[in-house]
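Notebook open, structure loaded. I want to go through the charged pairs, the rings and the empty space inside.

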Amino acid sequence: MLFRQKPEMTYAYVTPKSVYQNRRAFLKGAGLAGAAVLTGRRLWELVSPSSRAFAGTKLSGVKKSPFSTSEKQNTYDDITHYNNYYEFGVDKTEPARNVGTLRAYPWTVSIEGEVKKPLKIGIDEILKLAPLEERIYRLRCVEAWSIVVPWIGYSFRELAKLVEPTPQAKYVAFESFYDPRQMPEAKYAGIDFPYVEGLRLDEAMNPLTLLCVGMYGETLPNQDGAPVRMVIPWKYGFKSAKSLVKIRFQKDQPPTTWNRLAPNEYGFYANVNPKVDHPRWSQAKERRLGESTFGFYGTKRDTLMFNGYADQVASLYSGMDLRRYY
């Protein structure tokens, strides 16, 4: 896939360089990260023919969702060329160049743990499990930039109902695909793989929590988490695990990748909260990807509590100290 960039503006303008490099600076300071290098394994020909055929497949019968925002959407080019996907590089422009090695089809997700009907389900069955909806969600990233994307999928609870969680299930753990042969850049990322995330069961069962299989009318591009991922719009973006291969219902709170690495910076809950700053930058303001054209002095907007979804999710945290449970 060719990397395209408008000459009059770089995406570095959206997030100040000092901010989007902070994560790498932290990792290097901890002695964990190495320099990303070119590997030569980005040729599209390395992907199986079935995977190439699946990528960018038009999804039919998609209905508009009432959960959608009316805000202006980001362009497809924005969303496919500015990504956090450390398995394919730590700079945000690297995944689009490196994901040709990911074989996103065929694909199977294992659902296990505290459920009455554990199963392994293929992506073809996932696509047919419930009516597909287009949900235009905001997603806010911890580095203080945001996006608006027409995601496609259905509420995660539709999948949960299929396996029937037991009364002992209090949390849901998510595990992303990891294969060092398909993801050679991962060894330079400085974090443990596979990538893991988690939610409380009531968070996972909220109708906003999206099991996502596409965007912009098509199946997901590799760099955006193909073939199936989570999208939790009221939480910071790192909670929305990509390329899922395992979902486990369990009694105890699961470990999560960034919380395990830097618990003082990345909490388990990771709810968007403008009043709780990241230790190294403010969360009170944000930049919308694609809007800023003047570097540090580009367009800023106020960060909204729960990313603007407070009416739907605030009750989940009634009585909780959201500064402590960040």
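Is Glu 71 buried, partly exposed or exposed? I looked it up in this predicted model, and Glu 71 comes out as partly exposed, because its relative accessibility is 24% and the buried class stops under 20%.

**Entry: salt bridges**

I asked what Glu 71 pairs with and found Arg 288, in a salt bridge at 3.0 Å, N to O. I then checked where the two partners sit: Arg 288 is in strand E12 (residues 285–288), while Glu 71 is in the loop between strand E1 (63–64) and helix H4 (76–80). That puts them 217 residues apart, so I noted the pair as a link between distant parts of the chain. Arg 288 is at 4% relative accessibility and therefore counts as buried.

Arg 288 has another partner on my list: its side chain also meets Glu 286 in a salt bridge, at 3.8 Å, N to O. Both of these residues are buried. Following the links outward, I got a network of salt bridges made of Glu 71, Arg 138, Arg 140, Glu 286, Arg 288, Glu 291 and Arg 301.

Next I picked Lys 92 and Glu 143, which form a salt bridge at 3.0 Å, N to O. Lys 92 is in the loop between H4 and helix H5 (94–98), and Glu 143 is in the loop between strand E4 (133–141) and strand E5 (145–155), so this pair ties together parts 51 residues apart in sequence. Lys 92 and Glu 143 are both buried. My count of salt bridges for the whole model is 19.

**Entry: rings**

On to aromatics, where I count 17 pairs. I wrote down one of them in full: Phe 156 and Phe 174 have ring centres 5.6 Å apart and planes at 75 degrees, so I logged the pair as edge-to-face, since the cut-off for that class is over 60. Phe 156 belongs to helix H7 (residues 156–163) and Phe 174 to strand E6 (residues 171–176), so the contact ties together parts that are 18 residues apart in sequence. Phe 156 has 0% relative accessibility and counts as buried. Phe 174 is buried too, with a relative accessible area of 2%.

I also found one aromatic cluster formed by Tyr 171, Phe 268, Tyr 269, Phe 306, Tyr 317 and Tyr 325. Phe 268 turns up again with a charge: the charged end of Lys 239 sits over its ring, 4.3 Å from the centre. Arg 138, which I already had in the salt-bridge network, has its charged end over the ring of Tyr 309, 4.7 Å from the centre.

**Entry: Ser 243**

What surrounds Ser 243, leaving aside neighbours within four places in sequence? My contact list has Tyr 85, Leu 102, Trp 107, Glu 175, Ser 176, Phe 177, Gly 225, Ala 226, Val 228 and Arg 229. Ser 243 itself is in the loop between strand E10 (229–231) and strand E11 (244–250). Its relative accessible area is 0%, so I put it down as buried.

**Entry: cavities**

I get 3 cavities of 30 Å³ or more. The largest has a volume of about 400 Å³. It is lined by 28 residues, and those closest to its centre are Asn 84, Tyr 85, Arg 229, Gly 237 and Lys 242. Tyr 85 and Arg 229 were also among the contacts of Ser 243. Which elements give two or more residues to this lining? I found E4 and E5, and E5 gives the most, with 3 residues.

Conventions
Residues numbered from 1 in each chain as written. Predicted model: local features only at pLDDT ≥ 70, side-chain atom pairs only at ≥ 80, totals over all residues. Heavy atoms only, no water. Phe/Tyr/Trp six-rings, centres within 6.5 Å; stacked < 30°, edge-to-face > 60°. Helix = DSSP H or I, 4+ residues; strand = E, 2+ residues; numbered from the N terminus. Buried < 20%, exposed > 50% of the residue type's maximum accessible area, 1.4 Å probe, protein only. Lys NZ or Arg CZ within 6 Å of the ring centre and 35° of its normal. Salt bridge = Lys/Arg side-chain N within 4 Å of Asp/Glu carboxyl O. Contact = heavy atoms within 4.5 Å. 1 Å grid on protein atoms, 1.4 Å probe; cavity = no way out; pocket = protein on both sides within 12 Å on 5 of 7 lines; lining within 4 Å. Points joined across faces, edges and corners; volume = space filled by probe spheres on them.
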